[in-house]
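Here is a short report for a newcomer. Look over the sequence and the fold before reading on.

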Amino acid sequence: PLRGIGILDIHPRLALTIVDRLLGGPAHSITADHDFSEIELALLGQAVQLIIAEWCNHWANLQELRPTLLGTETNGTFLQTAPRDTVLLVLGMEAKIGDCLEQMQVAVPCYTLEPLIRKLAQINSGSADTAPPPVQLKWNKCFDDVKVPVTAIWPEIDMTARELTKLKPGDIVPLASDCTEHVRVRLADMVKFEGRLGTAGGKWAVSLTSVMKSAVGL
């Protein structure tokens, strides 16, 4: 419902890495040495829709925004989105996928944001009673099928390099008697929970006992 056209600028190497991952590739050592095919642009459009939808979700407590992808262009010279003297708000960020670390930018004309800024000003100048209720967080169904590796790890054991070189099959590594009470559960690369080792249904299991303080809010 806002007037104006914004731009999402993605580095070509980052864009091709995203496409490679969507196609089931390793997203590793991708080079931007060719033009985008129609299939690649279509897949990239899916990722772009997710990005701009998340940007719009940040304004949901002020106004419902419905992002629409109008088109793609690989040469900025041919873009005609706003007059040359238009003031833009530009948000720059770095994105990393695999071994690719590149920038993307979101540029929005300031006149597009004016209705939202006015509403923010009204909220800030009014009393707390007139402020809109906080927006309840909702699960994004786009992430339903995203697989996250879950790993249970023991507390660390300190060993010298000499002791490591002498290890061989059949050796016994002593563990602390209470180590089963302090098993850490890692989601991808982040330690999120602490738990207690046990069994469930004839299989090894970990009963979650607490959330790691360093992971709260992530």
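The text below covers the sheets, the pockets and the salt bridges.

This is a predicted model, in which local features need pLDDT of at least 70 and side-chain atom pairs count only at pLDDT 80 or more, while totals for chains, interfaces and linings use all residues. Residues are numbered from 1 along each chain as its sequence is written, and side-chain values use heavy atoms, with hydrogens and water left out.

## The three-stranded sheet

One open sheet has 3 strands in the order 1-3-2, with antiparallel pairing. Strand 1 (7–10) and strand 2 (88–97) stand at its edges, each with a single partner strand, so one side of each has no neighbour in the sheet. From one strand to the next, the twist averages 20°. Helices (H or I, at least four residues) and strands (E, at least two) are DSSP runs, numbered from the N terminus. Two strands pair if DSSP finds at least two bridges between them. Strands of a sheet pair through backbone hydrogen bonds, either parallel or antiparallel.

Strand 2 and strand 3 (residues 100–109) run antiparallel and are joined by 10 bridges. Isoleucine 97 has cysteine 100, in strand 3, as its bridge partner.

Two helices pack on this sheet. Helix 2 (residues 38–57) touches strand 1 and strand 3, and its direction makes about 130° with that of strand 1. Helix 3 (residues 110–125) touches strand 2 and strand 3, and its direction makes about 75° with that of strand 3. Contact means heavy atoms within 4.5 Å. Axes are lines fitted to C-alpha atoms, for helices over the stretch in contact, and angles run from 0 to 180 degrees between N-to-C directions.

## The four-stranded sheet

Another open sheet has 4 strands in the order 4-5-6-7, again with antiparallel pairing. Its edges are strand 4 (150–153) and strand 7 (203–211); each has a single partner strand, so one side of each is left without a neighbour in the sheet. Here the twist averages 40° from one strand to the next. Strand 4 and strand 5 (residues 183–187) run antiparallel, joined by 4 bridges. Threonine 151 stands opposite arginine 186 in strand 5.

## The pockets

A pocket is an open set of points on a 1 Å grid over the protein atoms alone, where a 1.4 Å probe fits, with protein on both sides within 12 Å along at least five of seven lines; lining residues have an atom within 4 Å of a point. Grid points are joined across faces, edges and corners, and a volume is the space filled by probe spheres set on the points.

| Pocket | Volume | Lining residues closest to the centre |
|---|---|---|
| Largest | about 1200 Å³ | Gly6, Ile7, Leu8, Leu69 and Gly71 |
| Second largest | about 890 Å³ | Leu22, Leu50, Ile97, Phe143 and Val146 |

Helix 2 gives the largest share of the lining of the largest pocket, 7 residues. Strand 1, helix 1 (12–22), helix 2 and strand 3 each supply at least two residues there. In the second largest pocket, helix 1, helix 2 and strand 2 each supply at least two residues of the lining.

## The salt bridges

How many salt bridges does a search of the whole structure find? The search finds 3. A salt bridge is a side-chain nitrogen of Lys or Arg within 4 Å of a carboxyl oxygen of Asp or Glu. Aspartate 99 forms one with arginine 13, their closest N and O atoms being 3.9 Å apart. This pair links distant parts of the chain, 86 residues apart: aspartate 99 is in the loop between strand 2 and strand 3, and arginine 13 is in helix 1.
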